[in-house]
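Hello,

Here is the structure I promised to pass on. Have a look through it first, and then read my notes below.

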Amino acid sequence: LLPFWALIASVFGYYFSPELVPFKSALIPLIAVIMFVMGLTITTQDLKTSLREPQALLIGVLLQFLLMPALACSISILFELPRDMLIGMILVGTAPGGTSSNVLTYLAGGRVALSVSMTTVSTLASVIMTPWITTL
């Protein structure tokens, strides 16, 4: 039901955005709580398992910085978006995963420790990779 709720929330946010502005200040603490709770779901053994299998972590990070920008560029060209929008799409494509990917991994019964590890590594790599890929 997650896609359904996401659609409902998007429509609600679109039509009632002025009414939601006062809640904007609660967003950062809410994300912090979600990140903390995701961290609580990870055991030391889960983290060790993820780090013992670096190929999964490497594949995820490579896909983040190769596949995502390539898809963003392809979609932009397919829809004949202007150059500035194409650059914006590539920027979004190179942006590392975040809280939502970890939450969705948890809800799907996936390996949260691997998801958090991928988010961490891609966030650290994005300092160099995002400007470099955008320049390309």
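**How α5 and α6 pack**

Helices α5 and α6 are roughly antiparallel to each other, because the angle between them is over 145 degrees. Please keep in mind that this is a predicted model. In numbers, the angle is about 155 degrees and the axes lie 8 Å apart, with α5 covering residues 54-78 and α6 covering residues 83-94. As for handedness, α5 and α6 make a right-handed crossing.

If you would like to display the contact, select Gln-64, Phe-65, Met-68, Pro-69, Ala-72, Cys-73, Ile-75, Ser-76 and Ile-77 on the α5 side, together with Leu-86, Met-89, Ile-90, Gly-93 and Thr-94 on the α6 side. What is the chemical character of the residues in this contact of α5 with α6? Ten of them are nonpolar and four are polar, while no charged residue takes part.

**The chain as a whole**

Zooming out, the chain holds eight helices and zero strands, so its elements read α-α-α-α-α-α-α-α from the N terminus on. Along the principal axes, the C-alpha atoms fill a box of roughly 45 × 40 × 25 Å. Of the 136 residues in the chain, 20% are buried. Among contacts with a separation of 6 or more, 72% join residues that are 24 or more positions apart.

**The annotated segments**

The unreviewed UniProt entry carries the feature "transmembrane region" at residues 26-44, 56-79, 85-105 and 112-133. I looked at two of these in the model. Residues 112-133 are 100% helix and 0% strand, with 27 Å between the end C-alpha atoms. For residues 26-44, the figures are 79% helix and 0% strand, and the end C-alpha atoms are 31 Å apart.

**One residue to click on**

Finally, try Ser-117, which sits in helix α8 (residues 112-135). Is Ser-117 buried or exposed? Its relative accessibility is 9%, and since buried means under 20%, Ser-117 counts as buried. Leaving aside residues up to four places away in sequence, Ser-117 touches Leu-47, Ser-50 and Leu-57. Leu-57 falls within the range of α5, residues 54-78.

Happy browsing, and do write back with any questions.

Best wishes

Note on methods:
Residues are numbered from 1 along each chain as its sequence is written. This is a predicted model: local features need pLDDT of at least 70, side-chain atom pairs count only at pLDDT 80 or more; totals for chains, interfaces and linings use all residues. Side-chain values use heavy atoms; hydrogens and water are left out. Axes are lines fitted to C-alpha atoms, for helices over the stretch in contact, and angles run from 0 to 180 degrees between N-to-C directions. Helices (H or I, at least four residues) and strands (E, at least two) are DSSP runs, numbered from the N terminus. Angles under 35 degrees count as roughly parallel, over 145 as roughly antiparallel, 65 to 115 as roughly perpendicular and the rest as oblique. A crossing is left-handed if the near helix is turned anticlockwise from the far one by less than a right angle, and right-handed if clockwise. Contact means heavy atoms within 4.5 Å. Ala, Val, Leu, Ile, Met, Phe, Trp, Tyr, Cys and Pro count as nonpolar, Asp, Glu, Lys and Arg as charged, and the others, Gly among them, as polar. Buried means under 20% relative accessible area, exposed over 50%, partly exposed in between (1.4 Å probe, protein chains only). UniProt positions are given in the numbering used here, feature names are shortened, and annotations may be inferred rather than shown by experiment.
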